[in-house]
Amino acid sequence: MPEMTKVAWDLSDLFGGIDDPAIDKALDDSLARAKAFAERYRGAIDSDNLTAGTLLEAIEELEDMAIPLSKVASYVAQVFFADTSKPEHGALMQHVQERQTEVALELIFFELELMAAKPEIIDRLVRDPVLANYKHFIHASRLFRDHKLPEGEEKILEEKANTGGRAFERLFEESLSALEFKITLDGQEQTLSEPEVLALLRDPKREVRKAAAGSLTQGLVANSRLLTFIFNTLVYDKSIDDRLRRYEYPEQPRNTSNELDRETVETVMDTCVEGYELVARYYRVKRQALGYDKLYHYDRYAPLFESKEEYSFDQAKGIVLESFGRFSSEMSNAAGEFFNKNWIDAEPRKAKRGGAFCISTTPDLHPYVLLSYLNRKEDIMTLAHELGHGVHYSLASRQTLFNFGSVLPIAELASTFGEMLVFQSLVSKSNLEEKLALYAEKIEGIFATVFRQAAMYKFEQELHRGRRELGELTTEQIGEMWQRNIQTMFKDSVELGEEHANWWMYVNHFVESPFYVYAYSFGELLVMALYSMYLREGESFVPRYIELLKTGGACSPEELLGRVGIDIRDPEFWRGGVKVLEGLVADFEKLHAEWKQQRQ
Ligand SMILES: [Zn+2]
């Protein structure tokens, strides 16, 4: 059994410690600079006399000011996440947030003036080559121009949101965390939280999963009046906002912030729906592998085998670098730096934040990765995922700060791709049973991201339109929409029992970020489509892909992909992604047939 890794990150490139005087100096300087900036540019941006030179100077100064502030913010967050138990870490983060707000308040005029500036002036200025680097930034800053209300009305909406929409979101969060799920396991009655009961839906024992499903249902049903009311209220609240802000359809604000047009989003979602057949194909084989007559909603995530194999952190490092390197040395070199220069915090520690993330800091520095490496196979995938993000940021570091990060649908470009490379490499090293388990995990993971999110999107569309046309919806009406849309995805391969009709009630995306879910399908299918290009084109694809990463967030998704010859409006491109999934399902079918034969 390999020992737990002791690998921890070195944050000295940022600051020397939480009492480093450079932290407060950076905050003081930022505030002084922000005040000087406001003095100089207030009234000059939304002005008929604005020149390209002035706008350039202002944006460059703003970007330059944001760099030290980003470093402070990254640093205090990293220190806090590495050890959340120390009160001084939380206090420092709070202190920095408050001081950042002070700076932000000084600068908010810029955003507002840039948004308000006359289109005929801005359109002329952005054609000036001096602004070439900030064309996208200016465009993105003005996306919501047509949906802003007069300042007085904006202020009222903002203030009233605290007792309106935001209050209901908080009520949802608090009600959900207070929910109790009673369950009897091994003759003992227990009370579980929502994450605990959801985790039991992946238990190898069927009776445990079935009991967990029953417990989840009971807990939700006991609160269905409250949760239904919260859903109705927030969906109605959004429809009021949308009407006041002159949106033509419910998905429009989300599409606008994702910089995607309606046709493109619908093309991607339709392609997902076309691919539902794969879900049924996969679950039919899974049913046989599990030896069941029928699959129910509580069997979806049943593990095929219990895996006990362990991998040391060094082994994981070897696997990730080798898989990345087989694709591109530029990618493996960029990932290698994370290990050589101590930019990874992998050690499992008490009071360390759960989950994993990659934090970008600023283009002139380097990103960091945090995870708790527990020697399991899935931890290798997590490492590959986060290092994919890391490589993306490293390669995009030639961009300036405002062009560095990506919008949501593009943000998983390298992480999901990196996982795919590592998956292929793990498969090549595994025996038949391990391969089957690896495929099942990978396929279920991709399905949950691509198809399930698409089915949830279809549900959400009905929910918002239903509320507008029918008025307040009952628990049963919402349940019917939910059940039908999810069942359509499974066709006859999985029977969703009656109780599943209540499982929309705990999905916080529906409450907090309407239509957020489709970005998951979009991002994952995009990577699969790119992966299919790699399989078809081989070596010649590599430099084009690397170019995508290097571009960071310097342009919209459509322009970014257009630069490497991809038309995101073309359904054929997206079908390429579904083809990759079909390949995975076909491989799984073959492996299963072999496995069955071996056991006879
Ligand atoms: Zn990610």
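This report describes the zinc site, the salt bridges, the nonpolar core and the aromatic pairs of a predicted model.

## The zinc site

The zinc ion is coordinated by NE2 of H385, NE2 of H389 and two OE contacts from E412, at 2.1 to 2.7 Å. Along the sequence, these donor residues follow the spacing H-x3-H-x22-E. Because the angles subtended by the four donor atoms run from 51 to 136°, the arrangement around the zinc ion is irregular.

The two histidines both belong to helix α16, which covers residues 377-395, and they lie four residues apart, about one turn of the helix. H385 has a relative accessible area of 16% and is buried, and H389 is likewise buried, with a value of 13%.

## Salt bridges

Side chains of opposite charge can pair when their charged atoms come close. The structure holds 46 salt bridges, and a few of them are described here. In the pair formed by D299 and R209, the closest N and O atoms are 2.8 Å apart. D299 sits in the loop between α13 (276-290) and α14 (313-327), while R209 is part of helix α9 (residues 206-221), so the pair ties together parts that are 90 residues apart in sequence. Both partners are buried, since D299 has a relative accessible area of 0% and R209 also has a value of 0%.

A second example is the salt bridge in which the side chains of R281 and E582 meet, at 3.7 Å from N to O. Here R281 lies in helix α13 and E582 in helix α24 (residues 571-599), so this contact ties together parts that are 301 residues apart in sequence. R281 counts as partly exposed at 22% relative accessibility, and E582 is partly exposed as well, with a relative accessible area of 33%. Elsewhere, salt bridges that share partners join D24, D28, R99 and E102 into one network.

D83 and K86 also form a salt bridge, with their closest N and O atoms 3.2 Å apart. In this pair D83 is buried, with a relative accessible area of 17%, whereas K86 is partly exposed at 36% relative accessibility.

## The nonpolar core

The largest nonpolar core has 191 residues, and the members that touch the most other members are L55, F110, I138, F417, F451, L530 and Y545. Helix α18, which spans residues 432-470, gives the most to this core, with 16 residues.

F417 offers a way to look from the core towards the metal site. Leaving aside residues up to four places away in sequence, F417 touches F327, E412, V527, L530, Y531, Y534, F541 and Y545. One of these contacts, E412, is also a donor residue of the zinc ion, while L530 and Y545 appear, like F417, among the core members that touch the most others.

## Aromatic pairs

The structure holds 42 aromatic pairs. In one of them, the rings of F313 and F339 have their centres 5.8 Å apart and their planes at 50°, so the pair is tilted. This pair links distant parts of the chain, with F313 in helix α14 and F339 in helix α15 (residues 329-340), 26 residues apart. F313 counts as buried at 5% relative accessibility, and F339 is buried with a relative accessible area of 10%.

Ring pairs also link Y276, Y282, Y283, F447, F451, F490 and F588 into a cluster. F451, one of the residues in that cluster, is also among the core members that touch the most others.

Terms used: Residues are numbered from 1 along each chain as its sequence is written. This is a predicted model: local features need pLDDT of at least 70, side-chain atom pairs count only at pLDDT 80 or more; totals for chains, interfaces and linings use all residues. Side-chain values use heavy atoms; hydrogens and water are left out. Donors are N, O and S atoms within 2.8 Å of the metal (3.2 Å for Na, K and Ca); water is not among the atoms, so sites may look incomplete. Four donors count as tetrahedral if all angles lie between 85 and 135 degrees; four count as square planar and six as octahedral if opposite donors are over 155 degrees apart and all others between 65 and 115; anything else is irregular. Buried means under 20% relative accessible area, exposed over 50%, partly exposed in between (1.4 Å probe, protein chains only). A salt bridge is a side-chain nitrogen of Lys or Arg within 4 Å of a carboxyl oxygen of Asp or Glu. A nonpolar core is a set of buried Ala, Val, Leu, Ile, Met, Phe, Trp, Tyr and Cys residues joined through side-chain atoms within 4.5 Å. Contact means heavy atoms within 4.5 Å. Rings of Phe, Tyr and Trp (its six-membered ring) pair if their centres lie within 6.5 Å; planes under 30 degrees apart count as stacked, over 60 as edge-to-face and the rest as tilted.
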